Amino acid sequence: MTQHSNSTYRKNSTKTVPQLLSLKILLTGASLVALLASSGCATSSLLDSSSHASTKTTKNSLSEDQIIAFGRPAQALPKMPNASMVIVGEKNSYVLTQGGTEMVSLLTNLTPKNIQVDNDMSFYVPNNDGYFQGEMKLSYAKLKDEFKRSDYQFFLQNKGKECTSASDQRINAQRFCFSVPVKGAIYPQVSNLSLIQSNYRALSKPYMVNFYTQSQQNQVSRSGANTAQKLVLLPFALAFDVVTFPFQLLE
């Protein structure tokens, strides 16, 4: 009786193993197909989502102005105790509240004819609220035998870095570069602009200053041109007189 039962069980077992294996393979294959299908949908959805969400930083020009002169306020400006330098433009006045002291030191202590502006005066206006930031880059060059010990001491104190070019070397000259981070505020046109234009020696070339802001835009949904914006002045800014520096920037 026991032997018969065991024999029957073995027969049934040998018959059901292939069936179980087949069933397991079928179930595994079905699961794999379902997984791939769902993964494909997820991937497609992800690609679609990323394509719609991708953004591009756009630089929007706010204003451009021609520089007439560099100077300082004739009197202290209200709410601007650190205003030590002014970039006088035809349209507006640009008061430096940071970096102005360094710029004044460079422009008044170095021989004017040897000063050169090395970058476009392009300033960033993050919120278009009357405040800007950027960098002023100047270089100063003359023949090596014209430099004095006091010149090198001045360069050390004002973070001047030697940047002599091959062209400078050919004429036995030496060059030092200065980079000054600046921040400032935008004011109306100076009150004595006409007097400055009539008495001030013009710069060696028409230097320009421009202001820009940045915006994030969706590349997929973006359509049409950007809406034009205007440069905003400080709400409390009033015109003022400026005393100019007697120097001329080279090309």
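Buried, for a residue, means under 20% relative accessible area, exposed means over 50%, and partly exposed covers what lies in between. The structure above is a predicted model, and those words will help us find our way through it.

## Three salt bridges

Let's begin with the charged side chains. The structure holds three salt bridges. One of them joins Asp168 and Arg175, whose closest N and O atoms are 2.9 Å apart. Are these two residues buried or exposed? Asp168 has a relative accessible area of 5%, so it is buried. Arg175 has a value of 16%, and because the cut-off for buried is under 20%, Arg175 is buried as well.

Another salt bridge links Asp151 with Lys142, with 3.6 Å between the closest N and O atoms. Both of these residues are buried too. The pair of Lys137 and Glu135 has its closest N and O atoms 3.9 Å apart. Here Lys137 is partly exposed, at 35% relative accessible area, and Glu135 is also partly exposed, at 33%.

## One disulfide

Next, look for the cysteines. A disulfide is a covalent bond between the sulfur atoms of two cysteines. How many disulfides does the whole structure hold? A search finds one, and it joins Cys163 to Cys177 with an S to S distance of 2.0 Å. The link is right-handed, with 90 degrees about the S-S bond. It connects distant parts of the chain, since its two cysteines are 14 residues apart. Cys163 lies in the loop between strand 7 (161-162) and helix 4 (166-170), while Cys177 belongs to strand 8 (residues 173-188).

What about their surroundings? Cys163 has a relative accessible area of 25%, which makes it partly exposed. Cys177, at 23%, counts as partly exposed too.

## The nonpolar core

Now for the inside of the model. The largest nonpolar core has 53 residues. Which of them have the most contacts inside the core? They are Phe70, Val88, Met121, Phe123 and Tyr187. Strand 8 gives the most to this core, contributing seven residues.

Val88 is a good place to pause. With its neighbours within four places in sequence left aside, Val88 is in contact with Gln66, Ile67, Ile68 and Ala69, and also with Val190, Leu193, Ile196 and Val242.

## Strand 2 and its neighbours

Val88 also leads us to strand 2 (residues 85-89). How many of this strand's five residues are buried? Five of the five are, so strand 2 is largely enclosed by the rest of the structure. In a regular strand, the side chains alternate between the two faces of the sheet. Strand 2 is covered on both faces: Met85, Ile87 and Gly89 are buried on one side, and Val86 and Val88 are buried on the other.

Strand 2 has pairing partners to trace as well. Strand 1 (residues 55-73) pairs with strand 2 in the antiparallel sense, over four bridges. Gly71 has Val86 of strand 2 as its bridge partner. Strand 3 (residues 92-98) and strand 2 are likewise antiparallel and paired over four bridges. Among the residues bridged there, Met85 has Leu96 of strand 3 as its partner. Strands 2 and 3 form a hairpin, with two residues between them.

Key: Residues numbered from 1 in each chain as written. Predicted model: local features only at pLDDT ≥ 70, side-chain atom pairs only at ≥ 80, totals over all residues. Heavy atoms only, no water. Disulfide = S-S within 2.5 Å. Buried < 20%, exposed > 50% of the residue type's maximum accessible area, 1.4 Å probe, protein only. Core = buried A, V, L, I, M, F, W, Y, C linked by side-chain atoms within 4.5 Å. Contact = heavy atoms within 4.5 Å. Pairing = 2+ DSSP bridges. Salt bridge = Lys/Arg side-chain N within 4 Å of Asp/Glu carboxyl O.
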